[in-house]
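Subject: Structure for your review

Dear colleague,

Please find the sequence and the structure below. A summary of what was found follows them.

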Amino acid sequence: MEEDRAEALKITVPETGLPNGLRPGVPVMPVELFATPWARIFNGSLSDGIAYRAGRLDLVAPADEAA
């Protein structure tokens with residue numbers, strides 16, 4: 001999140017890197033995050049982006065639980 005906006009990213013993680021208690025909406029922190037730019041031409045149109053992969057995800061405790 002940055003200022004008043006947030007962005008959802010698709011991150012590939014090996015099954016062994018998924019923490020117990022993971023469920024939709026739970027904040028996570030990727031560990032060993034690696035970004036790979038990609039591009040391809042299909043039917044004359046260029047598609048490009050960035051693929052993300054992490055070694056594991058750690059659960060992030062909400063601010064009120066951390067205190």
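**The sheet and its strands**

Strand E1 and strand E4 (residues 45-53) run parallel to each other and are joined by two bridges. In this pair, Ile11 lies opposite Tyr52 in E4. Two strands count as paired if DSSP finds at least two bridges between them. Helices (H or I, at least four residues) and strands (E, at least two) are DSSP runs, numbered from the N terminus.

The model is a predicted one, in which local features need pLDDT of at least 70 and side-chain atom pairs count only at pLDDT 80 or more, while totals for chains, interfaces and linings use all residues. Residues are numbered from 1 along each chain as its sequence is written, and side-chain values use heavy atoms, with hydrogens and water left out.

E4 also pairs with E3, in the antiparallel sense, through nine bridges. Here Pro37 is the residue opposite Ile50 in E4. The outcome is an open sheet of three strands in the order E1-E4-E3, with mixed pairing. Strand E1 (11-12) and strand E3 (34-42) are at the edges and have a single partner strand each, so one side of each is without a neighbour in the sheet. In general, strands of a sheet pair through backbone hydrogen bonds, either parallel or antiparallel.

**The chain as a whole**

The protein chain contains one helix and five strands, and its elements follow the order β-β-β-β-β-α from the N terminus. Of its 67 residues, 7% are buried; buried means under 20% relative accessible area, exposed over 50%, and partly exposed in between (1.4 Å probe, protein chains only). E3 is hardly covered, as zero of its nine residues are buried.

Among contacts (heavy atoms within 4.5 Å) in the protein chain with a separation of 6 or more, 58% are between residues 24 or more positions apart. The accessible surface of the chain is about 6000 Å², and 54% of it belongs to carbon and sulfur atoms. Accessible areas come from the Shrake-Rupley method with a 1.4 Å probe; for residues, only the protein chains shown count as cover.

**Two residues with positive phi**

Most residues other than glycine have a negative phi. Glu32, in the loop between strand E2 (28-31) and E3, has a positive phi near 60 degrees. Glu32 is exposed, at a relative accessible area of 62%.

Asn43 belongs to the hairpin of E3 and E4, which has two residues between the strands, and its phi is positive, near 55 degrees. Asn43 is likewise exposed, with a relative accessible area of 71%.

Yours sincerely
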